[in-house]
Amino acid sequence: MPPIPSPAPSTLTGYSAPYSAAGGGNQFQASGECSGTAWTHTQDLTIFYQLVTLPQNAGTWLPSTSDVSGIKLTVYGNAEDSLSFFATSSVSGAGGCDSAADARQAQIFTLSSTTGSTGMGTAGAIYTLSGGYERRWSRAGDIARQDDRVYVNGLFEVNGLPTGWWNDDNLSNNVIRMIVKRVCNGGIRYSNDGGTPPTTASNWALMKGSLMDI
């Protein structure tokens, strides 16, 4: 499947210097004139989804329910900052060694639908086509940290959208952007065992929306 298009030209794609492409390659050597401790950030995210209709308390007397449309989510993601030795013999630009460790790769997403050839359909997955990656020389205060999360039985409400939006590419892409943003910023309600009252997900600070091209 093709990547989900960014709504505007990405400011991330051209970030990496010509000889500092994320992931290394033949421009990097095992040792070299520029070496030290590099801070590296990586992130990956997969969201499985299914359109559902659920009863919700209508707030009336006598008590009754009304149907609410939503997307049931299962979220798997990992984000990590690490510190490790890095060295290169390839130096470009006026910054010399100061920017020799700099590299950045946008996280790009794609969509796989089990029920349709256009749009999200009624079930499928939003997943990482290329992982988010960022590297630079370490700074004071940098630490290694990791935040892996799993949300099961998550709910993203979609009331008020046009009928059939799930079969339209443009409308589906906008819904996908809203889902990913909510996952990063917090606010998804989920219940991993499907029985206990839902938990509201907190802000996922280590899953950087600024590194996503979506």
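Glu-134 forms a salt bridge with Arg-104, and the closest N and O atoms of the two side chains are 3.4 Å apart in what is a predicted model. Because Glu-134 lies in strand β6 (residues 132–137) and Arg-104 in strand β3, the pair ties together parts of the chain that are 30 residues apart in sequence. Both Glu-134 and Arg-104 are buried. The pairing is also part of a wider arrangement, since salt bridges with shared partners join Arg-104, Glu-134 and Lys-208 into one network.

The count of salt bridges comes to six. Among them is the pair of Arg-145 and Asp-81, whose closest N and O atoms are 2.9 Å apart. Arg-145 lies in strand β7 and Asp-81 in strand β2, so this salt bridge ties together parts that are 64 residues apart in sequence. The two partners are assigned to separate accessibility classes, Arg-145 being partly exposed at 45% relative accessibility and Asp-81 being buried at 3%. A further salt bridge is formed by Arg-136 with Asp-142, where the closest N and O atoms are 2.9 Å apart; here Arg-136 is buried, with a relative accessible area of 15%. In general terms, side chains of opposite charge can pair when their charged atoms come close.

Two of the charged residues described above also appear in the surroundings of Thr-40. This threonine lies in strand β1 (residues 34–57) and, at 10% relative accessibility, falls under the 20% limit and therefore counts as buried. When neighbours within four places in sequence are left aside, Thr-40 is in contact with Glu-80, Asp-81 and Ser-82, as well as with Tyr-133, Glu-134 and Arg-135. The contacts of Thr-40 thus include Asp-81 and Glu-134, of which Asp-81 is the salt-bridge partner of Arg-145 and Glu-134 that of Arg-104.

A covalent connection is also present, the count of disulfides coming to one. The disulfide is formed by Cys-34 and Cys-97, with their sulfur atoms 1.8 Å apart, and the link is left-handed, with -75° about the S-S bond. The pair links distant parts of the chain, Cys-34 being in strand β1 and Cys-97 in the loop between β2 and β3 (103–105), at a separation of 63 residues. Cys-34 counts as buried at 1% relative accessibility, whereas Cys-97, at 33%, counts as partly exposed. Another cysteine, Cys-184, is likewise assigned to the buried class, with a relative accessibility of 4%.

Two features of the backbone deserve separate mention. Most residues other than glycine have a negative phi, and most peptide bonds are trans. Against this background, the peptide bond from Trp-61 to Leu-62 is cis, with omega near 5°, and Leu-62 is placed in the loop between β1 and β2 (65–88). Asn-153, a residue other than glycine, has a positive phi, near 60°. This asparagine lies in strand β7 (residues 145–157) and, at 28% relative accessibility, counts as partly exposed.

Strand β7 also contributes to the nonpolar surface. Phe-48, Tyr-76 and Val-150 make a nonpolar surface patch of about 270 Å²; within this group, Val-150 is found in strand β7 and is partly exposed, with a relative accessible area of 39%. For the protein chain as a whole, the accessible surface comes to about 11200 Å², of which 51% belongs to carbon and sulfur atoms, and 38% of the 214 residues count as buried.

With regard to overall organisation, the protein chain has one helix and 10 strands, and the order of these elements along the sequence follows the pattern β-β-β-β-β-β-β-α-β-β-β. Among contacts between residues at least 6 apart in sequence, 77% join residues at least 24 apart.

The confidence of the prediction varies along the chain. The average pLDDT is 85, and 84% of the residues score at least 70. Over residues 9–30, however, the pLDDT is below 50, although this stretch has 41 contacts in the model beyond near neighbours in sequence.

Conventions. Residues are numbered from 1 along each chain as its sequence is written. This is a predicted model: local features need pLDDT of at least 70, side-chain atom pairs count only at pLDDT 80 or more; totals for chains, interfaces and linings use all residues. Side-chain values use heavy atoms; hydrogens and water are left out. Helices (H or I, at least four residues) and strands (E, at least two) are DSSP runs, numbered from the N terminus. Buried means under 20% relative accessible area, exposed over 50%, partly exposed in between (1.4 Å probe, protein chains only). Contact means heavy atoms within 4.5 Å. A disulfide is a pair of cysteine sulfur atoms within 2.5 Å. A salt bridge is a side-chain nitrogen of Lys or Arg within 4 Å of a carboxyl oxygen of Asp or Glu. pLDDT is the predictor's confidence in each residue, from 0 to 100. Patches are made of residues with over 30% relative accessible area and no salt bridge: like charges are joined within 9 Å, nonpolar side chains (Val, Leu, Ile, Met, Phe, Trp, Tyr) within 5 Å. Accessible areas come from the Shrake-Rupley method with a 1.4 Å probe; for residues, only the protein chains shown count as cover.
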